[in-house]
Amino acid sequence: MDKLDKLTGVAAPMPLINIDTDMIIPKQFLKTIKRTGLGKNLFDEMRYDEAGREKPDFVLNKPAYREAKIIVAGENFGCGSSREHAPWALLDFGIRCVIAPSFADIFYNNCFKNGILPIALPQEEVDRLLDDAARGANAVLTVDLERQVISGPDGGEIAFEVDAFRKHCLLNGLDDIGLTMEKAADIDAFETERSAKQPWLAGA
């Protein structure tokens, strides 16, 4: 997956609580196993009317937020079913960071595995960022993962916590496959030794 070290982009305010995975990507779009192509259906039922026309009042349909890279949301973001399509859809749209007071556990873990940084902050700090995000095209935040700080448009900083191992994975673009491949030399050595000691397994 792509590395994430410092992210600068427009932040979209979504001050709703309990944004669940069915709101993020409705169930009718779960047929695919590809990680691409889901961005157009992100928040589908909130973005489009029954005729497929964009709802102009929805935040990601507003010109200032069409290229948003960050979402600032309410508590319990990503609750509901455990569908991994939810972070896939966010990532395909271009979202690399979600900031909220709290997250559903499975969604939170799936974000890290797919190159998205979920940041949990106290409500008062989320409220400050929601206020910043309300500035439209001027709602630019910088998330510095290495330093673990968020910088607002006025230059103020908010520190955040992140697990050291997950931070390492995001900084180096390592998903589960990438972590395994870091051990490629050890794996090859094991396979060579096993083939020499148990050659009958080589053709299994």
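Contact here means heavy atoms within 4.5 Å, and the exercises below apply that term to a predicted model.

## Exercise 1: The surroundings of helix α4

Task: Determine which residues of α4 are buried and which elements the buried residues of α4 pack against.

Solution. Begin with the helix itself, α4 (105-113), in which Phe107, Asn110, Cys111 and Phe112 are buried. Next, follow their contacts outward: the buried residues of α4 pack against α1, α3, β4 and α6 (164-172). Then look past the end of the helix, where α4 is followed by Gly115, a residue whose phi is positive, near 85 degrees. Finally, place the helix between its strands: β3, α4 and β4 make a right-handed β-α-β unit, and the two strands of that unit, β3 and β4, run parallel and are joined by 4 bridges. Within this pairing, Ala100 has Ala120 in β4 as its bridge partner.

## Exercise 2: Classifying an aromatic pair

Task: Decide how the rings of Tyr108 and Phe112 are arranged, stacked or edge-to-face, and state how the two residues are related along helix α4.

Solution. The geometry to be examined has two parts, since a pair of aromatic rings is described by the distance of the centres and the angle of the planes. The structure holds 6 aromatic pairs. In the one formed by Tyr108 and Phe112, the centres lie 5.1 Å apart and the planes stand at 80 degrees. Because planes over 60 degrees apart count as edge-to-face, the pair of Tyr108 and Phe112 is edge-to-face. Turning to the sequence, Tyr108 and Phe112 are 4 residues apart in helix α4, and are therefore separated by about one helical turn. In general, an α-helix has 3.6 residues a turn, so residues three or four places apart point the same way. As for accessibility, the value for Phe112 is 6%, so Phe112 counts as buried. To widen the view, note that ring pairs link Phe77, Phe103, Phe107, Tyr108 and Phe112 into a cluster.

## Exercise 3: The nonpolar cores

Task: Identify the residues with the most contacts inside the largest nonpolar core, and find which element gives the most to this core.

Solution. The largest nonpolar core has 33 residues, and those with the most contacts inside it are Met14, Ile24, Phe43, Leu60, Phe77, Leu90 and Phe107. Sorting this core by element shows that β1 (6-14), β2 (70-73), α3 (85-93), β3 (97-100) and α4 (105-113) each supply at least two of its residues, while α3 gives the most, with 5 residues. Apart from this core lies another, of 24 residues, among them Ala11, Ile70, Val126 and Ile150.

For a closer view of one core member, take Met14 and leave aside its neighbours within four places in sequence: Met14 is then in contact with Ile19, Phe43, Met46, Phe58, Val59, Ile71, Val72, Ala73, Gly74 and Leu130. Phe43, one of these partners, has its place in the loop between α1 and α2. At 0% relative accessibility, Phe43 counts as buried, and its phi is near 50 degrees, a positive value in a residue other than glycine.

## Exercise 4: The order of the sheet

Task: Give the order of the strands in the open sheet and name its edge strands.

Solution. The sheet is formed by 7 strands in the order β4-β3-β2-β1-β5-β6-β7, with mixed pairing. Its edge strands are β4 (117-120) and β7 (157-159), each of which pairs on one side only. From one strand to the next, the twist averages 25 degrees. For a local example, consider β2 and β3, which run parallel and are joined by 3 bridges; Val72 stands opposite Ile99 in β3.

## Exercise 5: Two loop residues

Task: Establish whether Lys31 is buried or exposed, and where Asn18 has its place.

Solution. Lys31 is found in the loop between α1 (21-24) and α2 (44-47). Its relative accessible area is 78%, so Lys31 is exposed. The C-alpha atoms of Lys31 and Ala120 are separated by 31 Å, with the two residues 89 apart along the chain. Asn18, for its part, has its place in the loop between β1 and α1. Its relative accessibility is 35%, and Asn18 therefore counts as partly exposed. The phi of Asn18 is near 60 degrees, a positive value in a residue other than glycine.

How values were computed: Residues numbered from 1 in each chain as written. Predicted model: local features only at pLDDT ≥ 70, side-chain atom pairs only at ≥ 80, totals over all residues. Heavy atoms only, no water. Buried < 20%, exposed > 50% of the residue type's maximum accessible area, 1.4 Å probe, protein only. Core = buried A, V, L, I, M, F, W, Y, C linked by side-chain atoms within 4.5 Å. Pairing = 2+ DSSP bridges. Axes fitted to C-alpha atoms, helices over the stretch in contact; angles between N-to-C directions. Right-handed = clockwise from strand over helix to strand, strands pointing away. Phe/Tyr/Trp six-rings, centres within 6.5 Å; stacked < 30°, edge-to-face > 60°.
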